[in-house]
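These are my notebook entries on one protein model. I record below what I looked up, entry by entry.

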Amino acid sequence: MLRRRAAIIKQVRAFFEKKGYLELDTPLLLPDLIPESCLEVFQTERLFPTGSKKEKQNLWLIPSPEIWMKKIIAKHGVNIFQICKCFRNGESEGKFHNSEFTMLEYYTMEADYMDSLELTEEFFRNLTTEDTELHGGRGKGSLFPFERITVAEAFEKYAGFDLFDMAAKGADAMYIQAKKLGLDLMPGLAVPQLYDLIFIHSVEPNLKSDKPVALINYPAFVPCLAKKAANGQTVERWELYYNGLELANCFSEEIDPQKVKNFFFDEEAEKTQSAIIKHKVDHNYYKLFEQNFPKCSGVAMGLDRLIMALTGKININGVMITDNLH
């Protein structure tokens, strides 16, 4: 497994290098992070030598390399990728989660989320050679093209109702749908929270296909840094699943400085109320987007999960370095 893991990572790097993407190696410890109310982070302290004016500085381990990668894009405007360790606190232990994991993140200039989907499909074609388990003995041609289904179509098919119609009726209507699906919920939940719970309970478990499934066009009422679609109802975002396992998340990146600023302040306010571990936020981050920040699309992919899919493992521990040393 150690050899196969090394070979896959080598293939990943070779694919993006051949495409002309610049590989980055950005810091893992940061003095501020992008606020994401759905994530908990790890905090540590930098100690200064005795006699220094400062005794210590709070630092946080990155949950993703996005914050630094966008600084590189703002300055240089080039296609970039990175393979790095990321850290998320409070993660539930299970087959698919580990607090420390390896992320592959790549950004393509002058591209949108559908361009990134085509690139990712090409990337998978490159990886699924005859010695991988992903094709299940059926030949890699049967994996492509990826299946594509919108979030609205998935809710209609698996949860049995029109997502946007029900969301427009408000939280009470969504709550009734959740109860019909067998969810035992506390009252007072907002539409985005009810959406998440129904998605996890009734939609995501059904995304088990023998080829990768791209779930496209997420609802705009769920906050994220993806560009809003022309219809106003959705954002330009997809997530990639294989046999029910979420592998990747992609946006057409939001580059409007005011919208980035609003996201930061809204998420920071929610995180201040709900997070166990608070972190500092750079309130000037939105200024990166004020001067010719290029149109671009980014993909964040869990590399350990990708290796699971490629090698036929059913537990993330089976592909982790530490587990293979025991």
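**Entry 1: helix H6 and its cover**

I began with helix H6, residues 171-180, where Ala173, Met174, Gln177 and Ala178 are buried. These residues span an arc of only 140° around the axis, and therefore they sit on the same side of H6. The model is a predicted one.

I then asked what covers the buried residues of H6. The cover includes helix H5 (163-169) and helix H7 (191-203). Just after H6, I noted that glycine 182 takes a positive phi of about 90°.

**Entry 2: helix H7**

Next I turned to H7, where I found Val191, Leu194, Tyr195, Ile198, Phe199, Ser202 and Val203 buried. Their arc around the axis is only 135°, so they lie on the same side of H7.

Which elements cover the buried residues of H7? I listed helix H4 (151-159), H5, H6, strand E8 (213-219) and strand E9 (234-242) among them. H6 is thus part of the cover of H7, and H7 in turn is part of the cover of H6.

**Entry 3: arginine 5 and aspartate 304**

I looked up arginine 5, which lies in helix H1 (residues 2-18). Is arginine 5 buried or exposed? Its relative accessible area is 6%; buried means under 20%, so arginine 5 counts as buried.

Its side chain makes a polar contact of 2.9 Å with the side chain of aspartate 304. Leaving aside neighbours within four places in sequence, I recorded contacts of arginine 5 with Lys85, Thr102, Asp304, Ile307, Val319, Met320 and Ile321.

I followed this pair to aspartate 304, which is found in helix H9. Aspartate 304 has a relative accessible area of 2% and is therefore buried as well, the limit being 20%.

Besides the contact with arginine 5, the side chain of aspartate 304 reaches the backbone nitrogen of threonine 102 at 2.8 Å. Not counting residues up to four places away in sequence, aspartate 304 touches Arg5, Phe101, Thr102, Ile316, Val319 and Met320. Thr102, Val319 and Met320 thus appear in the list for aspartate 304 and also in the list for arginine 5.

**Entry 4: the segment after H9**

I continued into the segment after helix H9 (303-311), where asparagine 324 lies. Asparagine 324 is partly exposed, with a relative accessible area of 28%. Leaving aside neighbours within four places in sequence, I found asparagine 324 in contact with Met1, Leu2, Asn317, Gly318 and Val319.

I also took one separation: asparagine 324 and isoleucine 72 are 252 residues apart in sequence and 35 Å apart in space, C-alpha to C-alpha.

Isoleucine 321 lies in the segment after H9 too. Its relative accessible area is 40%, and it is partly exposed. Which residues form a nonpolar patch on the surface with isoleucine 321? They are Leu2 and Leu325, and the patch has about 280 Å² of accessible area together. Isoleucine 321 is also among the contacts of the buried arginine 5.

**Entry 5: asparagine 98**

Where is asparagine 98 placed? I located asparagine 98 in the loop between strand E5 (80-87) and strand E6 (100-109). With a relative accessible area of 27%, asparagine 98 is partly exposed.

A polar atom of the side chain of asparagine 98 lies 2.7 Å from the backbone oxygen of glutamate 100. Leaving aside neighbours within four places in sequence, asparagine 98 is in contact with Asn317 and Met320. Asn317 is in contact with asparagine 324 as well.

For the separation, I noted that asparagine 98 and leucine 215 are 117 residues apart in sequence and 24 Å apart in space, C-alpha to C-alpha.

**Entry 6: backbone geometry**

Most residues other than glycine have a negative phi, and most peptide bonds are trans. I therefore searched for exceptions to both.

The peptide bond from phenylalanine 144 to proline 145 is cis, with omega near -5°. I placed proline 145 in the loop between helix H3 (113-127) and strand E7 (147-150).

Glutamate 110 is not a glycine, yet has a positive phi of about 55°. Glutamate 110 lies in the loop between E6 and H3 and counts as exposed at 56% relative accessibility.

Asparagine 217, likewise not a glycine, has a positive phi of about 70°. I found asparagine 217 in strand E8, and E8 is one of the elements covering the buried residues of H7.

How values were computed. Residues numbered from 1 in each chain as written. Predicted model: local features only at pLDDT ≥ 70, side-chain atom pairs only at ≥ 80, totals over all residues. Heavy atoms only, no water. Helix = DSSP H or I, 4+ residues; strand = E, 2+ residues; numbered from the N terminus. Buried < 20%, exposed > 50% of the residue type's maximum accessible area, 1.4 Å probe, protein only. Contact = heavy atoms within 4.5 Å. Polar contact = N/O pair within 3.5 Å; in protein donor to acceptor, adjacent residues only side chain to side chain. Arc of directions from axis to C-beta. Patch = residues over 30% accessible without salt bridge, like charges linked within 9 Å, V, L, I, M, F, W, Y side chains within 5 Å. Areas by Shrake-Rupley, 256 points an atom, 1.4 Å probe, with all protein chains shown as cover. Salt bridge = Lys/Arg side-chain N within 4 Å of Asp/Glu carboxyl O.
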